[in-house]
Amino acid sequence: ATPVGLLAGTGRGAQLGLLIRGPQVLEDTRRIDTVVLDKTGTVTAGELQVTAVEPFGNLSADRLHALAAAVEAGSEHPIAAAIVAASPAEAFTAANFSSAAGGGVSADVVLDGAAEPARVHVGQARWLAEVGVDLTEAERERLAEAQAQGATAVLVGIVDAEGSRAAGIVSLQDTVKPGSAAAIGRLKEIGLRPVLLTGDNEQVAAQVAAEVGIDPADVFAGVLPEGKVEAVKRLQADGGQVAMVGDGVNDAPALATADLGIAMGSGTDVAIEAADITVMGSELGQVVTSIELSRKTLAVIK
Ligand code: ADP
Ligand code: MG
C-alpha cells in the first residue's frame with residue numbers, strides 16, 4: 001500500500017461527503033467485523049414526540065407537562081426538546097438546573113401554593129431512585145405499561161419538605177429513519193455484525209432492533225454513558241474489531257475506544273472530534289458507503 005494511494009482514497013471520500021481523519025483510517029476500516037450503532041439520532045431520527053402525559057397525583061396532565069418542560073428547558077437532550085416543544089402555554093419557573101448524563105435532569109421549582117421551591121427531577125426510573133424518588137408497585141406497573149407500548153417513558157419526581165414522590169410519566173416515541181433498515185441490511189451483506197447500543201429501555205431497543213433487522217442477542221439496552229465504552233471493550237475482548245457509530249456527547253468516549261469511530265455529521269461537535277470518520281448528514285447509508293469505499297480503495301492499491 002502506498003501512502004499516495006491511501007490519500008487518494010481519502011480524497012474520494014471527501015467527494016462523497018465523508019471526512020476521513022487520515023490514511024491509516026482506511027486500513028482500520030478494512031479489519032472491522034462488528035459495527036456498534038447508537039440508537040437515538042443514529043438509527044432513529046432522534047426527533048421524539050410526546051405521546052402521553054399521565055399524572056399519578058393531583059396535578060393535571062397539562063400542569064405535569066408544564067412542570068417537566070420547565071426542568072427540561074435547561075437540557076439539550078432530544079427528550080428535552082420534545083417535552084419543551086409540546087408544552088402547554090402555562091408555565092413554572094425553574095432555577096438551579098443540573099443534569100446527569102444517561103439519567104435525567106433536575107431543577108428547583110416553586111410548586112402551586114408552596115412557599116419553598118421543590119427539587120424536581122425528570123428522568124429514568126433507575127436514576128430517580130438514586131436521587132431518592134422511589135415508585136410504588138402501582139406506579140411501577142404503569143411505567144411498565146408505557147414501556148410495553150415501545151415508549152421512552154420518563155418520570156417526573158418531586159422532593160420537598162413533604163417528602164419524595166413520583167408525580168407522573170411522560171411517554172415519548174421516536175421513529176426509525178427511513179434508510180436505516182436498508183443500511184443495516186447492506187452491513188450484513190458485506191459480512192459485518194450490527195450491534196445496537198442505547199441508554200433507553202429494553203422494550204424500545206428490542207422494537208427498534210426488530211424493525212431494522214438486528215439480532216435480539218446483539219442489543220445492549222439501559223446502558224449508562226460509561227457503559228457504552230465498556231460495551232465496546234467487551235466486544236473487543238471477545239475478539240471483535242469494533243466500529244462505533246454515534247452522534248451524541250455521550251457517545252464520544254466509546255467512539256474514541258472503538259477500533260474505528262464514525263460520527264454522524266448531524267451530531268454534536270464532541271462526537272465529531274472523537275471520530276476517525278465523519279459522514280455528512282444523518283444517513284446511516286453513508287456509514288456503510290464509507291466502509292465500502294475504504295475496502296475498495298485498499299483493493300485497488302493492493
Ligand atoms: P441514548 O442512548 O438514547 O442517547 P442517553 O444515554 O442520552 O440515551 O439517555 C438514557 C436515558 O436517560 C434516556 O432514555 C432517559 O430515560 C434518561 N435521560 C437522559 N437525559 C434525559 C433528559 N434530559 N430528560 C429526561 N430523561 C433523560
Ligand atoms: Mg444518541
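The exercises below, each with a worked solution, concern a predicted model of a chain and its ligand.

**Exercise 1. Find the two domains and describe where they touch.**

Step 1. The domain assignment divides the chain into domain 1, made of residues 3-45 + 175-301, and domain 2, made of residues 49-173.

Step 2. Between the C-alpha centres of domain 1 and domain 2 the distance is 32 Å, and the contact between them involves eleven residues of domain 1 and seven residues of domain 2.

Step 3. On the side of domain 1 that touches domain 2, helix H3 (39-43) and helix H9 (202-212) each contribute at least two residues, and H9 gives the most, with three residues.

Step 4. Sorted by kind, the residues on this side of domain 1 are three nonpolar, seven polar and one charged.

**Exercise 2. Describe the shell of residues around ligand 1, and say which elements and domains supply it.**

Step 1. There are 23 residues around ligand 1, and those that come nearest are Thr40, His77, Gly102, Gln124 and Gly199.

Step 2. At least two residues of the shell come from each of H3, helix H5 (78-85), strand E5 (104-109), E6 and E7.

Step 3. Both domains take part, since domain 1 and domain 2 each provide at least three residues of the shell.

Step 4. In character, the shell around ligand 1 consists of six nonpolar, 13 polar and four charged residues.

**Exercise 3. Follow the strand pairing from E5 to E8, and say whether E7 is enclosed or open.**

Step 1. Begin with E5, which pairs with E6 in the antiparallel sense over six bridges; Ala107 has Val120 in E6 as its bridge partner.

Step 2. Strand E6 (residues 118-123) then pairs with E7, again in the antiparallel sense, over five bridges. Here Gly123 is matched with Leu155 in E7, while Arg119 stands opposite Val159 in E7.

Step 3. E7 pairs in turn with strand E8 (residues 163-173), in the antiparallel sense and over nine bridges, and Asp160 has Gly163 in E8 as its bridge partner.

Step 4. Turn now to burial: five of the six residues of E6 are buried, so that strand is mostly covered. In E7 (residues 152-160), seven of the nine residues are buried, and E7 is therefore largely enclosed by the rest of the structure.

**Exercise 4. Decide whether Ala161 is buried or exposed, and place it in the fold.**

Step 1. The hairpin that joins E7 to E8 runs through two residues, and Ala161 lies in the loop between these strands.

Step 2. A residue is exposed if 12 or fewer other C-beta atoms lie within 10 Å of its own; Ala161 has 8 of them within 10 Å, and therefore it is exposed.

Step 3. As a distance to check in the model, the C-alpha atoms of Ala161 and Arg119 are 9.9 Å apart, although 42 residues separate these two along the chain.

**Exercise 5. List the buried residues of H9, and explain where they sit on the helix.**

Step 1. The buried residues of H9 are Val204, Ala205, Val208, Ala209 and Val212.

Step 2. Around the axis they span an arc of only 130°, so they lie on the same side of H9. As background, an α-helix has 3.6 residues a turn, so residues three or four places apart point the same way.

Step 3. The cover over these buried residues includes H3, E7, helix H8 (180-189), strand E9 (193-197) and strand E10 (219-220).

Step 4. After H9 comes Gly213, which has a positive phi, near 85°.

**Exercise 6. Lay out the open sheet of seven strands, and examine Val279 within E13.**

Step 1. The order of the seven strands is E1-E13-E12-E11-E2-E9-E10, and their pairing is mixed.

Step 2. Strand E1 (18-20) and E10 stand at the edges with a single partner strand each, so one side of each has no neighbour in the sheet.

Step 3. At the E10 end, E9 and E10 pair in the parallel sense over two bridges, and Leu197 has Phe220 in E10 as its bridge partner.

Step 4. Val279 belongs to strand E13 (residues 277-279), and because it has 27 C-beta neighbours inside 10 Å, Val279 counts as buried.

Step 5. Leaving aside residues up to four places away in sequence, Val279 touches Gly17, Leu18, Ile262, Met264, Gly265, Gln286, Val287 and Ser290.

Note on methods
Residues are numbered from 1 along each chain as its sequence is written. Chains are lettered from A and ligands numbered from 1 in the order in which they are written. This is a predicted model: local features need pLDDT of at least 70, side-chain atom pairs count only at pLDDT 80 or more; totals for chains, interfaces and linings use all residues. A residue is buried if 20 or more other C-beta atoms lie within 10 Å of its own, exposed if 12 or fewer, and partly exposed in between; C-beta atoms are placed from the backbone. Helices (H or I, at least four residues) and strands (E, at least two) are DSSP runs, numbered from the N terminus. Two strands pair if DSSP finds at least two bridges between them. A residue is near a molecule or strand if its C-beta atom, placed from the backbone, lies within 6 Å of it. Ala, Val, Leu, Ile, Met, Phe, Trp, Tyr, Cys and Pro count as nonpolar, Asp, Glu, Lys and Arg as charged, and the others, Gly among them, as polar. Domain bounds come from an automatic or database domain assignment. The arc is that of the directions from the helix axis to the C-beta atoms.
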